[in-house]
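Morning, everyone. Let me put a new structure on the screen and walk you through it.

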Amino acid sequence: MDDLSFDPARAAPFMAAQGHNGWLGLTYRDHGKDWVELELPWRADLVGEEEQQVLASGPIVSLMDMASGLAIWTQMGKFQPIATLDLRVDYARPAKPHGSVFGRARCYRTTRSAAFIEGVAHEGDLDDPVARVQAVFMSISPAPGAVRHG
């Protein structure tokens, strides 16, 4: 990899520190040639039902969306603007009380204008998922004739 290649280990801490992802406390865990794994740590203010003490579904969706974007850029080897078109999350079971959830997303196909993702939200065992994810993202190209700065 040259210095211009996308490196999720370097990019994730910056991207996960901004805005909503930063507030959630998402952290980088690991990656391969077409996948990225992030962690969503348990916090009391992210609990869905107080008596259950498990992470709410909304933060898990955000975890998987962010991991998906990073997986796309990792597979492509570069950053380019993308948008989430469809993100389906099928919950298999609730997360364990007071536990982190890990989100692993894999970009299994790209076309000129779209990228396809499969993923798993888990607690350390990919074979015992909290949820499974399927997603489609679209590439956003600059408008023809758009002025580029830089």
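I'll cover a pocket, a surface patch and two backbone angles.

Keep in mind that this is a predicted model.

Start with the largest pocket. How much volume does the largest pocket have? About 170 Å³. Its lining is made up of 13 residues. Look for V54, L55, A56, S57 and P94, which lie nearest the centre of the pocket. What classes make up the lining? Eight of the lining residues are nonpolar, three are polar and two are charged.

Now to the surface. Here L85, M138 and I140 form a nonpolar patch. Together they have about 250 Å² of accessible area. Take M138 from that patch. Where does M138 lie? In strand β6, which covers residues 131-139. Is M138 buried or exposed? Neither: M138 counts as partly exposed, because its relative accessible area is 33%, and that class runs between the under 20% of buried and the over 50% of exposed.

Last stop, the backbone. Find Q53 in the loop between β2, residues 35-40, and α3, residues 57-76. What is the phi of Q53? About 60°, so a positive value, and Q53 is not a glycine. Why point that out? Because most residues other than glycine have a negative phi.

H98 goes on the list too. Its phi is near 60°, again positive in a residue other than glycine. Which strands flank the loop that holds H98? β3, residues 82-91, and β4, residues 101-110.

That's the tour. Thanks for listening.

Technical notes: Residues are numbered from 1 along each chain as its sequence is written. This is a predicted model: local features need pLDDT of at least 70, side-chain atom pairs count only at pLDDT 80 or more; totals for chains, interfaces and linings use all residues. Side-chain values use heavy atoms; hydrogens and water are left out. On a 1 Å grid over the protein atoms alone, a cavity is a set of points where a 1.4 Å probe fits but cannot get out, and a pocket is an open set with protein on both sides within 12 Å along at least five of seven lines; lining residues have an atom within 4 Å of a point. Grid points are joined across faces, edges and corners, and a volume is the space filled by probe spheres set on the points. Ala, Val, Leu, Ile, Met, Phe, Trp, Tyr, Cys and Pro count as nonpolar, Asp, Glu, Lys and Arg as charged, and the others, Gly among them, as polar. Patches are made of residues with over 30% relative accessible area and no salt bridge: like charges are joined within 9 Å, nonpolar side chains (Val, Leu, Ile, Met, Phe, Trp, Tyr) within 5 Å. Accessible areas come from the Shrake-Rupley method with a 1.4 Å probe; for residues, only the protein chains shown count as cover. A salt bridge is a side-chain nitrogen of Lys or Arg within 4 Å of a carboxyl oxygen of Asp or Glu. Helices (H or I, at least four residues) and strands (E, at least two) are DSSP runs, numbered from the N terminus. Buried means under 20% relative accessible area, exposed over 50%, partly exposed in between (1.4 Å probe, protein chains only).
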